[in-house]
Each structure stands twice: as structure tokens, then as C-alpha cells.
Amino acid sequence: MPGAYPQLIQLDQKKPLSAVIKEVCDKWNLSGPENFALQYADGVQTYITESNRLDIKNGSILRLTKAPGRCAEDLYKGIQSSDSGVRCESLKELAAVSTDITFAQEFISRDGHSLLVQIVEDTRYVGADQVFGVCRVPMVMLHTLTAFMELMDHGIVSWENLSSVFIKKVRSASSTHIAVSLDIMESMVLSSSSLFHQIRKEITLDQLISHLQVSNQLLQTKAMALLMALLQTAGETDRSLENSCSGIKKKVLSPIIVTPEFVFQNIIHSSGSVGDEMAHHLYVLQSVRLNLLEPRMKTPLDSFNQVCSHSKRLCSQTLNLCNYFFLLCNPGQDLGRTPPGLLALDTMTYFASRYPDAYSRFVLENSSREDKHECPFARSSIQLTLTLCEILRIGEPPSETGSNYHPIFFAQDRLLEELFCICIQLLNKTWKEMRATQEDFDKVMQVVREQITRTLSSKPTSLELFKNKVNALNYSEILKLRQTERLHQEETLAPPVLELKERLKPELLELIRQQRLNRLCHGTLFRKISSRRRQDKLWYCRLSPNHKVLHYGDVEEETETPSIESLQDKIPVADIKALLTGKDCPHMKENKGKQTKEMLDLAFSITYDVEEYSLNFIASSRTDFCLWTDGLNVLLGKEMSSEAMRSELEILLSMEIKLRLLDLENVPIPDTAPPIPKPPSNFNFCYDFSQAEQ
């Protein structure tokens, strides 16, 4: 309690709260414990009651203060005081304590909220007919409206009975309380259809626009909140008003329209980052405007003539290639499902009319391909339109907590159609990169969906930026990203795991070296290729068990692993000077112009005796090539470099890591090791066992 020495109490939660308060009052020699209550001393002034007392934690700091009923009575009298100073201070305190529902119930039970309404209605303005009059008592109005808003937020009383005079006074806010006035009007609109109609008559869109153009982010957010409330309520109560422009009903607010470009310039590109609340309102505006496409998306094809009228416009762009557009004889069967309904037809028509060259290029390019490699325009367009509808959540009501808006949406008017025009060309590009056939259609669409969602998640601010990013995200990049994400999910890219990998590498590389040397000791059968390219002679090569000599010699067709003694020729490993591969090999140079790429990929040679002599190999497979070149590099003291070695090392590392982390499943691995604690100042806590034994 202010002015008193604090008490440290052991709170018995089984004891009635009134008894606890009496004990506290007795220690401070206070009479009338029924006039006191407990509050939390930090943060919001919340009264402690029997219903919330279990929320008290050890170490909580409480304040002994006036009981809610006594506080409500005192403030009820204070706001009616003839002393303007007392009245203003009482309203200020009322605004602070009205956030607590226990106090609010007491104050409203005395009809205190009606008294606040009366104070607002009786307040006099200078220039009341202006958009913003100058209030003679601005602080009184600020505290009054704030207290009223806090009390009404508890939902104890209805908003229905507010007078038009009160609404006019709230609308005619001064600069000190514009924000709370906008708050109150938003709540009115959302709570009552009758109040919605009154508010839309009182406030004009140009007033809201003036608030959106200021640099004050709080005021911008409150104005946008009211605008969204008007817009959403208009959508619910005026279903008959189909005539709209840029997503805002003309008859609801004003002929003045808030365009996406206006939002883009004044909010998204204004100074400072967009706050969470403003992000939610932008998300709502985006959802409301995109949902204007829902009727077309859910409208099925009603007649063949409807398609024909669109198809004729499409065909005029591309040499009457009408048969290419649809998979079935009757286009209505292709366009019959909803969604995307007629919206797919709209996007195709928009693409053909807005970008005729790109459209013609798409159709002509695919009409010249083999049948199985054609990218079907109509089927692709229908599925792409559906994909965009799903990504943009067209037809879904705005979530109360959603905040995922796309800045690109506010950069221009027709987002869906423009995205379609970019993405249908992307689809054709991805189709070619994947060398897709008709059977791969679903796989291609999955990749295209991923390309679109990944690009939109980077929040591009213009169509040009979106186009550049989505085209840079080709099929090979998607595969790399998938691999990286898979590794991340397995925690194989966490810094401690990467460090563990580096420590394991030498041991595993040594294992691969031994395997290579063992394979050379076992030996391999090679074929000789004569000048006539006849593969009629075989020879065998193997390494001695002590790894010091290579033995080789001709063998018969059906010979099993020959013994070292049967191989008459040999080369000491110490005499080997170099390992050559591909076109650098002597036998490839001799037959220059005759060798194939396959032979070049399998050829290798070793030079010995001052490089005057060479032993030439052509492996039977890429696996043998990798095994022998790795093994020879090990003998020469060089690093192994084959793709087989890299693949095997990765497999071994992955298996070893998984085994080592088996006991840590579902345990998060920190990026850095925990700090080592400092040693204690002394070690006197050590136990001397020798003395204990004595």
C-alpha cells in the first residue's frame, strides 16, 4: 500500500479472499476491510477475485487498494464534480481502471456509462460543422471517450441505444482523440447494423483517406480498421449492391474510391515498417477484393455458346488454332467444374487479348512438338487458375487473425489475371525443363505451385520483380531447395552436426581408401580394343597384397580371378609417375577422332619409368573407372576425386550421423555449445574419504 511498509505474506488459497484482506488490513491497522481489495501492482490494474485468485504466482507483488464498488462510487461522483480539475482527474483515473471487468460491472451498475454518454453529448465544439472542430476541453473528451470505449469492450451493455447526437460528437473529434473516436466508430459498425447505417451517413471516405495519408502509424491503423469494418459490414448487409469498384461498394461509402495504388503508396511504402494490426487490415482488404472474383469462380458453364464467344476471341489471336485449346470435343466438359468455373475462361481471354504475342508463341511452340510432349493450353490454364485461387485463398472469408498480405496485390489492379499471364509462361518453361509428357502433368503443376508460393513468400513489391524471381527459380533450383530443406529437417545442417561431420570425415575417408585398395588387390578384368575396334582380347590387372606391385597379363574369356603368379607382367608402384584420364591418355590420343564420349569417360592410364611407358585401361563401367582411379590416387598419395567417392562418403556420413543422433531424437540441438561455467572460488566442498574411513 502506498506509504506503508510492505508485507511478505503466505497466501492460503483455501482461505476466503475476504479473510486474507482482513489479515492484511489488520497488520496495517486499517478498519473496514470490506472497503479494500487486492490488485496486481504491475501492469494492468486487475482486481483479484475468487474467480482469478489461482492465477497468483509465488513472488507476485500485490497492492491493497479501494474495493471495486467503493472506487466506482467515488469516480461516479468525481466525474460530476463542479471542479473541472477534479472532474478531469476522475475521468483520467476512470479510463485507467475501466479495463478491469470487476470494476466495469460496478460502474455500469450505477449507470455510469450513460453518464459518460451525456458528458460527450453536452460537450460544446467550436465549428461543429467542420470535419474536425476544436474542442474547448480536449483532455476531458479524451479521457471520457477512452473510459467509454474500455467499459463497452467488456460486452456488459449493448451499443444499440446510442443517439445520433453522440455519434455526431464522436465523429467531430479533435486532434487529441481522433484515434479513440475511430475505435468507437469501428466497434459501432461491427456491433449493430442500425449503427452501421448511421456511421456511413456521418463519415465520408475522404475523411478516412485524410487519416491514411498522415505519417502517424497509429492513426493510419485506426482509420484502416474503420474502413475495413465498413467494407465488411457492407458486404454482409448489402448483398444486392453488386456494382463495385476496386472492391469498395460505391453506394455504401462515397464515390471516392481507395485504390490499391493509394494503399501501396501511403501505407506499404510509407516510412517505417507495417505493424501487425495494419498487416491484418491489409490482409482483410486483399481478401475482400479478391473475393469479388468468387462468383465467377463458382459459376459453372451454362451453355456452349458461352465458350464459343470466348474461344473465337482466343482463336483470332493465333491463326484459328481452335482445336488445340480444349482436350475434349465439347469445351464445356473441360470448363464444367467449379472452381475455377468461368474464371479460367476469363484468365485465358485476358492473356490472349493483353499479351497476344506471348499467347501465340505458347500455342505455336506446343503445336509443333510431339503429341506426348505438348503442354496443353486449356488444361494448363484451368489448373493454373485453380492453383492461383487456392494460393490467394479466393472464396475464403478473411481470418480474424490473418496477416499474410501480398504487397504485389496493391501494386496494380488485376492481380489474378496478371499473375496468370506470368505463370502460364512459367508453366510452359518448367514443362520444357522437366521434359514432361502428358503423364507428368500433375508433377509439373506441383513444381509450378511451389515456384509461385516460394516467390510470393519473398513479398515482391511489383509484377516485374515477381516475374524475375519466379523465372530464376527454375526446376533445378527447386530440386536443390527441396534437398536442402530435407537435410535441415533431418538436422544435418545444424552447426554442431556439421562440426561432427567434419570430425568423422577422416575416419570414413580412410575406410573408403581401404575399400579401394582391397578392390585393386582383388583385381579387375579389362578388354583390349584393337585398331579394328574388335573386343576379342582380355587382360587382368591386380595389386599385390603388400600394395607395392601391380601385376597384369592376358587371360582367357572364362578365366576366374587369376593368381598373381599367373600374371607375368608387373609394374612397381614406386615407378608409377602419373595417372591420366580421358583425352589425356596415350591410347586416346593415338585413336583421336575414332573414340566415343563413352570411351573417353572410361579411359585411364598410368605412366611409369620417366613417363616413357604407359599402361592403358578402358573400364567396363563407370563404377570400375571410379574404383581404379581412386585406388591409384591412393597409391600415389593423392586425394580421391571421383563422383562415386563423394556419393559413398555422403551416404556413410548420413548413416553415421543418424546412428550417433539416435538417442537425441526429438531433442533440439542448439547452434552453439552451452558456456562452460567458471570454476568455484574454492574446493572446500570436496569429501575426504580417507578421513571417513579412519
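Two rings of Phe, Tyr or Trp make an aromatic pair if their centres lie within 6.5 Å, with the six-membered ring taken for Trp. Keep that in mind for the exercises below, and remember that the model you're looking at is predicted.

**Exercise 1. Getting your bearings**

Find out how many helices and strands the chain has, and what percentage of its residues count as buried.

*Solution.* Start with the elements: there are 29 helices and 13 strands in the chain. Next, burial: the chain has 694 residues, and 45% of them count as buried. Finally, have a look at how the contacts reach along the sequence. Take those between residues at least 6 apart; 65% of them join residues at least 24 apart.

**Exercise 2. Aromatic pairs**

Work out how the rings of Phe604 and Phe625 are arranged, and which parts of the chain they tie together.

*Solution.* Searching the whole structure turns up 22 aromatic pairs. For Phe604 and Phe625, the ring centres are 5.8 Å apart and the planes meet at 75°. Planes over 60 degrees apart count as edge-to-face, so this pair is edge-to-face.

Now place the two residues. Phe604 sits in strand S12 (residues 603-608) and Phe625 in helix H27 (residues 622-635), so the pair ties together parts that are 21 residues apart in sequence. Are they buried or exposed? Phe604 has 0% relative accessibility and counts as buried; Phe625, at 7%, counts as buried too.

Try the rings of Tyr608 and Tyr613 next: their centres are 6.0 Å apart and their planes are at 25°, so this pair is stacked. Check burial again, with under 20% as the cut-off for buried. Tyr608 comes in at 14% and is therefore buried, while Tyr613, at 46%, is partly exposed.

**Exercise 3. From a cluster to Thr524**

List the members of the aromatic cluster that includes Phe604, then describe how Thr524 meets one of them, Trp628.

*Solution.* The cluster is made up of Phe526, Trp539, Tyr552, Phe604, Phe617, Phe625 and Trp628. On to Thr524, which belongs to strand S7 (residues 524-528). Thr524 has a relative accessibility of 6%, so count it as buried. Its side chain makes a polar contact of 2.7 Å with the side chain of Trp628. Beyond its neighbours within four places in sequence, Thr524 touches Arg519, Trp539, Tyr540, Cys541, Asp624 and Trp628.

**Exercise 4. Around Ala223**

Say which helix holds Ala223, whether Ala223 is buried or exposed, and what it contacts.

*Solution.* First the helix: Ala223 is part of H11 (residues 217-237). Then burial: its relative accessible area is 0%, so Ala223 is buried. With neighbours within four places in sequence set aside, its contacts are Leu182, Leu208, His211 and Leu212. For one more distance, go to Ser210: 13 residues separate it from Ala223 in sequence, and the two C-alpha atoms are 9.1 Å apart.

**Exercise 5. A pocket**

Describe the second largest pocket: what is its volume, and what lines it?

*Solution.* Begin with the volume, which is about 630 Å³. The lining has 22 residues, and Gln7, Ile9, Ser60, Ile61 and Leu62 are the closest to the pocket's centre. Strand S2 (residues 62-66) gives the largest share of the lining, with 3 residues. Last, sort the lining by character: 14 residues are nonpolar, 6 polar and 2 charged.

Note on methods:
Residues numbered from 1 in each chain as written. Predicted model: local features only at pLDDT ≥ 70, side-chain atom pairs only at ≥ 80, totals over all residues. Heavy atoms only, no water. Helix = DSSP H or I, 4+ residues; strand = E, 2+ residues; numbered from the N terminus. Buried < 20%, exposed > 50% of the residue type's maximum accessible area, 1.4 Å probe, protein only. Contact = heavy atoms within 4.5 Å. 1 Å grid on protein atoms, 1.4 Å probe; cavity = no way out; pocket = protein on both sides within 12 Å on 5 of 7 lines; lining within 4 Å. Points joined across faces, edges and corners; volume = space filled by probe spheres on them. Nonpolar A, V, L, I, M, F, W, Y, C, P; charged D, E, K, R; others polar. Polar contact = N/O pair within 3.5 Å; in protein donor to acceptor, adjacent residues only side chain to side chain. Phe/Tyr/Trp six-rings, centres within 6.5 Å; stacked < 30°, edge-to-face > 60°.
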